[in-house]
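Reader: I'd like a close look at a single part of this protein rather than a tour of the whole thing. Could you pick one spot and walk me through what surrounds it?

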Amino acid sequence: MRQRTSKTKLKCLRPSSRCRSNRKRDRSHLERRSSPRIGASLIYYLAYSDDRKCMYKDQDAAALWPAGSGIPDPQKVTFSQLYINGILQPACNYEQYTGKIRLLTRELPPAGVPVILQCITVSLNKPYANKPGRKKRGKCSQTAGARRRTKPEAVPGTSIVSYDRINQNIKEGEASMPPALIKPFALATSVIAGTVATTTDTTVTDAVTRLNATVTAAMIDAGAGTTTIPAGSFLTDAGEPLTGDIPAITSGGSMNLYVNGILQQAGLFSTTATALTIATAAILEGTPVNLEMHDYSGTTSTSTSVPSLTVATTVAT
């Protein structure tokens with residue numbers, strides 16, 4: 001009876017130099033492929049507080065934030081960190097869900113404070129054997145069976161993310177920061193108390209112009225019931241005839257009329273550049289008329305202030 005030997009059960013009874021070379025090459029390849037590799041993927045979320053709500057969702061993200069940077073499922077990331085106004089918050093201060101985070105603190109951040117969530121996923125590459133039924137390569141069954149492949153294995157509690165995918169995400173800028181700089185925010189409230197002592201010195205300059213005249217019969221108009229004194233009939237304080245017009249009243253100035261030494265009401269007379277008109281004809285010929293004008297445009301004032309103030313500032317961060 002002829003004895004038959006199955007080739008698949010032989011263990012290279014006569015190992016050739018080619019078989020030994022294949023073993024050495026596969027062993028080197030196995031060692032190179034079995035080296036674990038670590039990769040990390042980052043996801044950022046940015047929103048600004050409005051001083052009213054404790055729940056922040058994907059749609060609350062800042063307008064300049066990259067699209068797709070939402071809040072991931074906490075079960076699919078290695079760990080998360082929450083920063084409020086740049087300060088790292090303990091895990092007991094918030095809860096993270098898919099698409100939203102909820103603050104648990106009684107005090108809410110002031111309006112305008114940045115709220116940043118950082119999620120990190122770490123993945124490892126772990127070697128594994130060929131799947132059953134996979135075609136073996138090589139002439140040596142022992143060497144072919146020892147060939148191994150690698151697949152990504154996430155850190156416990158994380159999602160499985162391939163090393164190549166992580167590299168691609170980082171190159172594409174998936175975790176890049178927004179173009180606008182995130183600046184620290186502080187709300188300051190100041191209370192000013194005290195007094196300001198102000199001293200004002202005013203120097204009043206009264207420039208007085210006086211004109212006087214004597215009423216004549218030609219100046220009295222009984223029919224119109226007025227008395228009109230032309231500008232040329234007036235004399236100055238120096239006793240000389242007025243050579244120009246009757247001065248106009250300056251801003252802030254005043255004019256007084258005296259008839260026979262009696263101060264008259266302002267509504268009883270009016271002046272123009274050429275004459276003084278008195279609204280009455282009951283004036284006797286020879287009655288003295290005095291016109292007095294005051295100009296205060298040369299008045300000056302100076303003020304000196306001495307503050308005695310205190311400022312109390314409260315900064316809420």
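**A strand pair and one histidine**

Author: Let's start with a pairing: in this predicted model, strand 10 and strand 17 run antiparallel to each other and are joined over eight bridges. One spot to find by eye is Ala-213, which sits opposite Val-289 of strand 17.

Now zoom out a little. The two strands belong to an open sheet of four, ordered 10-17-13-14, with antiparallel pairing. Strand 10 (207–214) and strand 14 (262–263) are the edges, each with a pairing partner on one side only.

The residue to look at is His-294, which lies in strand 17 (residues 288–295). Is His-294 buried or exposed? His-294 has a relative accessible area of 13%, and because buried means under 20%, His-294 counts as buried.

What does the His-294 side chain make a polar contact with? Its partner is the side chain of Glu-292, at 3.1 Å. Leaving aside residues up to four places away in sequence, His-294 also touches Asp-206, Ala-207 and Val-208, then Thr-250, Gly-253, Ser-254 and Asn-256. Of these, Ala-207 and Val-208 fall within strand 10 (207–214).

For the wider setting, the protein chain has three helices and 18 strands. Buried residues account for 24% of its 317 residues. Take the contacts between residues at least 6 apart in sequence: 74% of them join residues at least 24 apart. The chain exposes about 21,300 Å², with carbon and sulfur atoms supplying 54% of that area.

Conventions:
Residues numbered from 1 in each chain as written. Predicted model: local features only at pLDDT ≥ 70, side-chain atom pairs only at ≥ 80, totals over all residues. Heavy atoms only, no water. Buried < 20%, exposed > 50% of the residue type's maximum accessible area, 1.4 Å probe, protein only. Polar contact = N/O pair within 3.5 Å; in protein donor to acceptor, adjacent residues only side chain to side chain. Contact = heavy atoms within 4.5 Å. Pairing = 2+ DSSP bridges. Areas by Shrake-Rupley, 256 points an atom, 1.4 Å probe, with all protein chains shown as cover.
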